[in-house]
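I'm opening a fresh notebook page for this one. My plan is to pick a few spots, look each one up and jot down what turns up.

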Amino acid sequence: MTSGKGLIRALNRRGSRTTKKPTVAAKGRALPDPSCCESCGAIFSRQTWRKDRQVTQALMTNVHWTVCPACRQADSGEYYGRVALRGAFVAANEEAIRRRIENVADRAAATQPQRRLVAIDRDRDGLDVLTTSQKLAHRIVNELKKTFRGRASYAWSDTDGSLFATWQRDDVGRTSR
């Protein structure tokens, strides 16, 4: 077997977490397998929440009904990702930006139901978007930058692992490239 940089980098685990649980899941209690969310219908099986699981009669007889962490977060208003959208472009093209944000969130929720929007609020400077995960907030800003151009900045919190991202575009140009 030859050793290359890929193998060396793969063996270096310094700074990585030992558990792969998201922050909100690590705070909660362990759930029995299988569990089903009463609100959204996501199924917890093999340590992950999914919406595309096959629902069989055997699964439904053994299922434990609960509320998933994402529904709990959305109900309480708790968030781990915050996106601030600023600039004159946001006010001029708010509908197109909201549509893009909803599309990105829907696409993320299809494969990972724990990543969803908590709220989209308008303030005097632009829009504020709150998400249940920092990954979704990062993905939203990346997609806005890719679609509408503009500038993006990211700031991760050391205390709770949340992300504060800012997307800004000052000119009022057209929505298409």
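Which side chain makes a polar contact with the side chain of Arg-115? I looked, and the partner is the side chain of Gln-112, at 2.8 Å. A reminder to myself before going on: this is a predicted model.

**Arg-115, continued.** I found Arg-115 in the loop between helix H6 (94–111) and strand S6 (117–123). Arg-115 is buried yet has no salt bridge. I checked for the nearest side chain of opposite charge, and that is Glu-143, 12 Å away. Then I listed what Arg-115 touches, leaving out residues up to four places away in sequence. The list includes Ala-105, Ala-108 and Ala-109, as well as Thr-132, Ser-133 and Leu-136. Lys-135 and Arg-139 are on that list too.

**Glu-143.** Since that name came up, I looked at which partners Glu-143 does have. Its side chain meets the side chain of Arg-107 in a salt bridge, 3.7 Å from N to O. Arg-107 sits in helix H6 and Glu-143 in helix H7 (residues 134–148), so this pair ties together parts that are 36 residues apart in sequence. Lys-146 also forms a salt bridge with Glu-143, at 3.2 Å from N to O. Here both residues belong to helix H7, three residues apart, or about one turn of the helix. That spacing fits a rule I keep handy: an α-helix has 3.6 residues a turn, so residues three or four places apart point the same way.

Is Glu-143 buried or exposed? I'd call Glu-143 buried, because its relative accessible area is 9% and the cut-off is under 20%. Arg-107 is partly exposed at 44%, and Lys-146 is partly exposed at 46%.

**Other salt bridges.** I got a count of 12 salt bridges. One of them joins the side chains of Glu-94 and Arg-122, at 2.8 Å from N to O. This pair links distant parts of the chain, with Glu-94 in helix H6 and Arg-122 in strand S6, 28 residues apart. I noted Glu-94 as buried, with a relative accessible area of 15%, whereas Arg-122 counts as exposed at 60%. I also came across a network of salt bridges that links Arg-82, Arg-86, Asp-123 and Asp-128.

**Thr-166.** Next I went to strand S9 (residues 163–168), where Thr-166 is placed. Why does Thr-166 count as buried? Its relative accessibility is 19%, and buried means under 20%, so Thr-166 makes the cut. Leaving aside neighbours within four places in sequence, I found Thr-166 in contact with Ala-84, Arg-86, Val-141, Arg-151, Ala-152 and Ser-153.

**H4 and a surface patch.** In helix H4 (residues 69–76), I marked Pro-69, Ala-70, Cys-71 and Gln-73 as buried. Gly-77 follows H4, and its phi is positive, near 80°. On the surface, I found a nonpolar patch of about 280 Å² made by Val-55, Met-60 and Trp-65. Met-60 lies in helix H3 (residues 57–62) and is partly exposed, at 33% relative accessible area.

**Whole chain.** Last, I stepped back. I counted seven helices and nine strands, and buried residues make up 36% of the 177 residues. Of the contacts with a separation of 6 or more, 61% are between residues 24 or more positions apart. The accessible surface comes to about 11,100 Å², and 49% of that belongs to carbon and sulfur atoms.

Conventions
Residues numbered from 1 in each chain as written. Predicted model: local features only at pLDDT ≥ 70, side-chain atom pairs only at ≥ 80, totals over all residues. Heavy atoms only, no water. Buried < 20%, exposed > 50% of the residue type's maximum accessible area, 1.4 Å probe, protein only. Helix = DSSP H or I, 4+ residues; strand = E, 2+ residues; numbered from the N terminus. Lys, Arg positive; Asp, Glu negative; His and termini not counted. Salt bridge = Lys/Arg side-chain N within 4 Å of Asp/Glu carboxyl O. Polar contact = N/O pair within 3.5 Å; in protein donor to acceptor, adjacent residues only side chain to side chain. Contact = heavy atoms within 4.5 Å. Patch = residues over 30% accessible without salt bridge, like charges linked within 9 Å, V, L, I, M, F, W, Y side chains within 5 Å. Areas by Shrake-Rupley, 256 points an atom, 1.4 Å probe, with all protein chains shown as cover.
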